[in-house]
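Hi,

Here is the structure I said I would pass on. Have a look at it first, and then read my notes underneath.

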Amino acid sequence: RKRNMEFHAWINPYRVKTSLKNQLAPEHIYHQHPEWFVTYGDQLYFDPALPESRDYICKIVTDIVSRYDVDAIHMDDYFYPYPIKGVDFPDNASFARYGGGFSNKADWRRGNVNILIKKLHETIRGIKPWVKFGISPFGIYRNQKSDPDGSATNGLQNYDQLYADVLLWTRNGWVDYMLPQLYWEIGHQAACVETLIYWWNNHANGRHLYIGQDVARTMNATDVNPIYTQLNHKMQLSRYLDHVGGNCFWPGYSLLENYKGIADDLKGYYHAVPSLIPAYTFIDSKAPDEVKGLKAKWTPEGYELQWKRKKTDDEMQKQIYFCVYRFAPSEDICLCDASHLVAVTRDTKFLLPYKHGTRQYVYVVTAVDRMHNESKGKIKKVKL
């Protein structure tokens with residue numbers, strides 16, 4: 001939060017053990033209700049068909065959202081598990097018990113996941129309407145050979161193998177953002193990232209869309225000119241398309257390690273100036289009030305811009321953070337130009353880079369709410 005980063009609580013609700021050798025905590029719900037769980041391969045899962053499983057998962061999410069000031073709940077790509085060749089998921093008994101009304105098991109499985117996604121959406125909204133719900137699904141919805149509306153790819157499919165109807169969730173407004181894991185390379189034979197970015201952009205359905213990149217695959221792959229990696233090509237694609245709101249890099253430690261210079265590239269070029277998180281206007285589009293009492297003042301720390309928050313009991317209208325822009329007196333004030341954004345802060349002050357008091361500047365301070373709607377600016381002229 002000191003860096004004005006959002007906190008999205010990552011969950012992987014169905015999968016309980018990544019290996020049957022792992023030990024569960026003594027208080028784990030498995031010890032009370034082993035009948036809620038099934039073994040598939042070397043892993044243990046909640047049975048997605050059981051109402052008890054869904055209720056318990058929603059109970060955990062209720063606890064997280066209620067007790068912690070999270071900005072979002074983020075669900076990973078594991079729905080029904082990735083298939084083991086020749087081994088069906090062991091849910092015949094559950095299908096016999098709960099499969100009434102479904103002519104085939106695939107539709108029933110998708111229905112089970114749909115119920116959970118809808119229930120999670122309603123759970124989160126019912127507690128804190130400003131907490132978002134996002135999902136990072138496997139990168140292919142369906143291949144064109146399975147569905148004319150699918151992508152020109154040839155890989156595993158969310159809809160058919162993981163029983164995740166991700167487009168239904170965005171169409172119905174059950175999720176607020178999608179972050180598909182497009183971990184392949186541009187030109188990949190089965191799943192070309194360029195093809196998939198265009199496909200997801202065309203199927204955003206009014207929800208936010210961010211592109212998941214695999215750091216190593218992006219930096220190891222060469223572009224048309226082999227002296228370059230594919231980072232530039234992927235970044236330009238994501239910025240060219242109207243419905244792509246940004247990129248997410250996996251895994252995080254590869255950024256910290258500056259794998260093949262990716263952190264230098266991002267800091268020095270692609271993210272050389274700050275930018276604001278896109279506003280979730282379909283949740284709330286009303287901008288907060290302007291800041292109050294903007295002034296420049298000398299303090300023991302130096303020359304500061306200072307202002308006050310406008311207090312409100314409306315959580316959607318609370319001023320969460322502030323943007324400080326700087327312009328020369330001759331420049332038009334345009335808050336859409338990020339090169340003028342000199343600070344994004346949760347404080348109500350900004351230390352000015354004072355020198356000799358001979359240069360005049362125009363500073364503009366705006367307030368931003370939980371949904372990233374930005375207020376009108378308050379203006380203060382100062383001499384630095």
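Below is what turned up, going from the sheet to the cysteines, then a buried aspartate and the cores. Keep in mind that this is a predicted model.

Let's start with the open sheet. Four strands make it up, running β13-β12-β15-β16, with antiparallel pairing. At the edges sit β13 (341-345) and β16 (378-383), each with a partner on one side only. On average, neighbouring strands in this sheet are turned by 20° against each other, ignoring direction. If you want to zoom in on one pair, try β12 (residues 321-327) with β13: they are antiparallel and share four bridges. Within that pair, F322 sits opposite T345 of β13.

Next, the cysteines. How many disulfides does a search of the whole structure find? It comes back with one. The bond is between C334 and C336, with 2.5 Å between the sulfur atoms. As for exposure, C334 is partly exposed at 30% relative accessible area, while C336 is exposed, at 69% relative accessibility. Two other cysteines I looked at are C58, which is buried with a relative accessible area of 5%, and C248, which is partly exposed at 32%.

Now for D91, which you'll find in the loop connecting β5 (72-75) and α2 (92-98). Is D91 buried or exposed? D91 counts as buried, because its relative accessibility is 0% and the cut-off for buried is under 20%. Its side chain makes a polar contact of 2.9 Å with the side chain of R109. Setting aside neighbours within four places in sequence, the residues in contact with D91 are Y80, K105, W108 and R109.

Finally, the nonpolar cores. The largest one has 70 residues, and the members that touch the most others are I73, M75, F79, I117, F133, I135 and W169. M75 is a handy one to click on: again leaving out neighbours within four places in sequence, M75 is in contact with I11, P13, L116, I117, L120, F133, G134, I135 and S136. There is also a second, separate core of 16 residues, including L294, L352, V382 and L384.

If you only have a few minutes, I'd open the C334 and C336 disulfide and the D91 and R109 side-chain contact.

Cheers

Methods: Residues are numbered from 1 along each chain as its sequence is written. This is a predicted model: local features need pLDDT of at least 70, side-chain atom pairs count only at pLDDT 80 or more; totals for chains, interfaces and linings use all residues. Side-chain values use heavy atoms; hydrogens and water are left out. Two strands pair if DSSP finds at least two bridges between them. Helices (H or I, at least four residues) and strands (E, at least two) are DSSP runs, numbered from the N terminus. Axes are lines fitted to C-alpha atoms, for helices over the stretch in contact, and angles run from 0 to 180 degrees between N-to-C directions. A disulfide is a pair of cysteine sulfur atoms within 2.5 Å. Buried means under 20% relative accessible area, exposed over 50%, partly exposed in between (1.4 Å probe, protein chains only). A polar contact is a pair of N or O atoms within 3.5 Å; within protein, one must be able to donate a hydrogen and the other to accept it, and residues adjacent in sequence count only if both atoms are side-chain atoms. Contact means heavy atoms within 4.5 Å. A nonpolar core is a set of buried Ala, Val, Leu, Ile, Met, Phe, Trp, Tyr and Cys residues joined through side-chain atoms within 4.5 Å.
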